[in-house]
Amino acid sequence: MALWNIAWPQRLLFSKFHCDLLRSTLGKREAIGGRRALHHLPSNPVGSTAKPAGTRNHLGRETSVSKGSQDWSEGPSQHHHQHRAQNKAIKNGNPLQRRPKEDLYKIGFEDLGADSEKPVRGNVSREPKDDRHVEVVFGISPCLLALTNGRRKPFKLLVKEGEASASVIKVCEEAHSRGVRIKRVSRKHLDRVSTGRVHQGVCLQASPLSYLSEETAAFTSVVKRSDVVPLWLVLDGIQDPMNLGAVLRSAYFLGVDRVTTGLHNCCPLTPVVSKASSGAMEVMDVYGYESLEEMLRLKVSQGWHVVGTVGAQTEEGCSTVVTRCSDFQMTKPTLLLMGGEGEGVSKELFSLCQTFLTIPPFRQLIPGIESLNVSVATGILLHSLLSHRTPERTGS
């Protein structure tokens, strides 16, 4: 009677005429089953195997529940039985072949448990309250190198839901081994936090990466090679983060000893630069100076050689001697100076150059495209200089 009393407002909607009409068209069992579905009041809990009790119709007669209305009480679903069978097989020593996304689930959640949604105690994964101290590194290589090199302070790893590649699983394993929280999110969420960039299904919330200084260099363990002539790359006014990232990637690949830039006329070390460098920014030390002019003057007094660059269109009007990059060979510590987009090297730094190099073209150039992109020109010049690098002379 409890079910009948609860459902009395709906019962008033069904007059005797409507019930008789339903019996005549759909049959007695279908009519009662339809009324029970309308009430949404099952007498047995979901998953129960007990046979549901009969109900009474508007005439007070007991009726049986139709077969269609018993679907909700048939017990666990087939997927649930399959999941239990998989767990039983693994427990018996016959683990099934796991797919990458199952491995990712195991790394991200089975080990961390319910606490994966809460900040883990410790300095590694405690999130700052101020968002200004958090950057979102995106891409597989930048995230992996940011975790392995330890120059950033990681807080949380965001991974796209669904199937995961072996590279993403490797990033998750590295994050888990370092106690970093792992959270699976939708692709739209990753697109939003990465501002629409190509994130490859993984983003890392971490502390920002800033330029190094001569003071911080004393506390870092830098392996200095004494068998070859050192080469420093000096960047003057590069504003495009994509260009800066490409330059850092070439400098790391070709073996530049140090990259230096000005603090006020160059773009910062952002996650866009890290992605453009394929993670080389997370590995290579980039130094920032308040005044590049003072740094160059100091190095000249210490016996370093300052090498500038000019384009093919300015070679004819240059008053100083311009040498082809393929004809130049380093014999002492060298500073290669590269100018930014459009303006090139500033006049103050241009006057400190002792040698000027150029990349000769191999065709007649049309006005407007007489120069190369700064990242492309830097790669060509670095390869030319470093491929002819000789052992450093003692006492130089």
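Helices here are DSSP runs of H or I, at least four residues long, numbered from the N terminus. Thr378 is found in one of them, helix α15. The model is a predicted one. Thr378 makes a good way in, and the path then leads outward to the rest of the chain.

Start with the surroundings of Thr378. Its relative accessible area is 1%, so Thr378 is buried. Its side chain reaches back to the backbone oxygen of Val374, at 2.6 Å. Leaving aside residues up to four places away in sequence, Thr378 touches Leu233, Val247 and Met338.

One of those partners, Leu233, leads into the largest nonpolar core. That core has 33 residues. Leu233, Leu244, Val259 and Leu336 have the most contacts inside it. Four elements give two or more residues to this core: β7 (231-236), α11 (241-254), β12 (334-339) and α15 (374-387). Which element gives the largest share of this core? It is α15, with six residues.

Val259 deserves a closer look. Residues up to four places away in sequence are again not counted. Val259 touches Leu233, Leu235, Leu248, Ala251, Met284, Asp285, Val286 and Tyr287. Leu233 thus appears among the contacts of Val259 and among those of Thr378.

Next to Val259 in the numbering comes Arg258, in strand β8 (residues 258-262). Arg258 and Glu214 meet through their side chains in a salt bridge, 2.9 Å from N to O. Glu214 lies in helix α10 (residues 214-217), so the pair ties together parts that are 44 residues apart in sequence. The two ends differ in exposure. Glu214 has a relative accessible area of 39%, so it is partly exposed. Arg258 has 13% relative accessibility; the limit for buried is under 20%, so Arg258 counts as buried.

The structure holds six salt bridges. Another of them joins Glu135 and Arg152, whose closest N and O atoms are 3.0 Å apart. This pair links distant parts of the chain, 17 residues apart. Glu135 sits in strand β3 (residues 135-138). Arg152 sits in the loop between α7 (140-149) and β4 (154-160). Are Glu135 and Arg152 buried or exposed? Both are buried. Nor does the pair stand alone: Glu135, Arg152 and Glu282 are linked in a network of salt bridges.

The loop that holds Arg152 runs between α7 and β4. Turn now to β4 itself. Six of its seven residues are buried, so β4 is largely enclosed by the rest of the structure. How does β4 pair with strand β6 (residues 202-206)? The two run in the antiparallel sense, over five bridges. Pro154 stands opposite Ala206 in β6. With strand β5 (residues 181-185), β4 pairs in the parallel sense, also over five bridges. Here Val159 stands opposite Arg184 in β5. The chain crosses from β4 through α8 to β5, and this β-α-β crossover is right-handed.

The connecting helix, α8, spans residues 166-177. Val171 has its place in that helix. Why does Val171 count as buried? Its relative accessible area is 0%. Apart from residues up to four places away in sequence, Val171 touches Ile140, Cys143, Leu144, Leu147, Leu157 and Val202. Take Leu157 from that list. Val171 and Leu157 are 14 residues apart in sequence, and their C-alpha atoms are 8.9 Å apart in space.

A further salt bridge brings together the side chains of Arg178 and Glu174, at 2.7 Å from N to O. Arg178 counts as partly exposed because its relative accessibility is 35%.

Last, step back to the whole chain. It has 15 helices and 13 strands. Of its 396 residues, 39% count as buried. What share of contacts between residues at least 6 apart in sequence joins residues at least 24 apart? The share is 84%.

Definitions and conventions: Residues numbered from 1 in each chain as written. Predicted model: local features only at pLDDT ≥ 70, side-chain atom pairs only at ≥ 80, totals over all residues. Heavy atoms only, no water. Core = buried A, V, L, I, M, F, W, Y, C linked by side-chain atoms within 4.5 Å. Buried < 20%, exposed > 50% of the residue type's maximum accessible area, 1.4 Å probe, protein only. Contact = heavy atoms within 4.5 Å. Salt bridge = Lys/Arg side-chain N within 4 Å of Asp/Glu carboxyl O. Polar contact = N/O pair within 3.5 Å; in protein donor to acceptor, adjacent residues only side chain to side chain. Pairing = 2+ DSSP bridges. Right-handed = clockwise from strand over helix to strand, strands pointing away.
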